[in-house]
Amino acid sequence: MCSMASRASFTAAWCVLPARVLLVLTSHKGIQMYESDGSIMVYWHALDATEHPTAQAVFARGIAAASGRFICVGLSSGLVLVFDIPPKGTNVTVSEVLAEHSAAVTDIAAELGHAPDGAGDLVSADDSGALCVWSSGEEFALRHRIPALGCSCSSVKLWNGILAAGYGNGQIRLYEAASGALRARVDAHARWIYALDVAPATGKLLSGAEDSFVHVWQLGRSPDTGDIEIEHCHAECVPDTQVCGARFCDARGASFAVTGYDLAEIVRYSRA
Ligand SMILES: *[C@@H]1O[C@H](CO)[C@@H](O)[C@H](O)[C@H]1NC(C)=O
């Protein structure tokens with residue numbers, strides 16, 4: 001599991017693997033991996049011209065841990081680098097380079113619940129709005145490609161086979177990870193969605209956007225048909241703030257934290 005801490009051109013995430021926790025930082029210069037307390041730099045990967053032929057606006061964005069020993073990082077070239085992380089030590093290697101996106105990768109998410117049989121367990125999104133669903137493992141396999149929408153997909157999450165995607169036009173779309181089929185579409189925000197998060201224990205979905213709103217939704221499946229359902233639970237306005245980061249603070253989604261552009265603080269909300 002990885003937790004995105006910021007969403008600018010500089011991103012940071014704690015990647016929790018069974019054997020160790022690494023702090024992964026990305027910037028236009030490269031990808032750095034540290035021991036979780038920041039004490040030792042384990043690995044440094046420079047972003048060079050071979051991974052980014054046009055040499056413009058190079059950045060890495062989207063970080064996720066997968067299959068217990070891999071960390072995936074998306075690049076502005078559209079490539080996804082898969083790093084093989086040893087249980088200890090510094091012998092981090094690039095085990096695969098996934099080349100299915102034709103636009104800059106914007107986010108990557110691993111399954112936070114349990115992937116249904118046959119469903120992928122990793123999703124990557126790009127600036128054209130295209131999504132790729134992968135099954136991770138010794139070799140990563142593309143399961144589904146969900147075509148571009150004409151609008152950037154800024155944030156994705158995967159929970160019990162439900163793929164939640166937030167877009168630049170303020171929409172949230174829910175797809176079946178096992179088939180790639182669109183199941184629900186919500187005009188959730190008036191402006192760009194910057195952050196989605198899922199509370200793994202309850203399936204609560206958090207969305208935060210430029211329109212200064214944060215919404216909490218409940219994801220689920222119909223007991224009769226198994227269809228994906230979404231229900232609005234709660235709205236919060238952060239006055240005069242373009243929300244650029246929003247995260248649940250606990251696995252049940254009882255509290256969440258929000259930050260915004262030009263906001264020097266993190267605002268925390270919890271259920272009374
Ligand atoms: C480093 O890891 C790679 C891939 O797991 C392995 O093939 C290689 O032998 C390792 N090298 C060392 C020096 O341990």
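**A friendly note on this predicted model**

1. Glu 231 is a good place to begin: Glu 231 is exposed, at a relative accessible area of 53%. This is a predicted model, worth keeping in mind for the points below. Glu 231 sits in strand E21, which covers residues 228-237.

2. What does Glu 231 form together with Asp 224, Asp 227 and Glu 229? These four residues make up a negative surface patch.

3. How many disulfides does the structure hold? The count is zero. Cys 233 is one of the cysteines in no disulfide, and the nearest cysteine sulfur, belonging to Cys 249, is 17 Å away. Cys 233 is partly exposed, with a relative accessible area of 38%.

4. Why is Cys 244 without a bond to Cys 237? The closest cysteine sulfur to that of Cys 244 is the one in Cys 237, and it is 15 Å away, so the two are too far apart for a bond. A disulfide here would need the sulfur atoms within 2.5 Å. Cys 244 counts as buried, because its relative accessibility is 14% and the buried class takes in values under 20%.

5. Finally, have a look at Ile 63, in strand E6 (residues 60-66). Is Ile 63 buried or exposed? Ile 63 is buried, with a relative accessible area of 3%. Along the chain, Ile 63 and Thr 11 are 52 residues apart, and their C-alpha atoms are separated by 8.5 Å.

Terms used
Residues numbered from 1 in each chain as written. Predicted model: local features only at pLDDT ≥ 70, side-chain atom pairs only at ≥ 80, totals over all residues. Heavy atoms only, no water. Patch = residues over 30% accessible without salt bridge, like charges linked within 9 Å, V, L, I, M, F, W, Y side chains within 5 Å. Areas by Shrake-Rupley, 256 points an atom, 1.4 Å probe, with all protein chains shown as cover. Salt bridge = Lys/Arg side-chain N within 4 Å of Asp/Glu carboxyl O. Lys, Arg positive; Asp, Glu negative; His and termini not counted. Charge placed at Lys NZ, Arg CZ, Asp CG, Glu CD. Helix = DSSP H or I, 4+ residues; strand = E, 2+ residues; numbered from the N terminus. Buried < 20%, exposed > 50% of the residue type's maximum accessible area, 1.4 Å probe, protein only.
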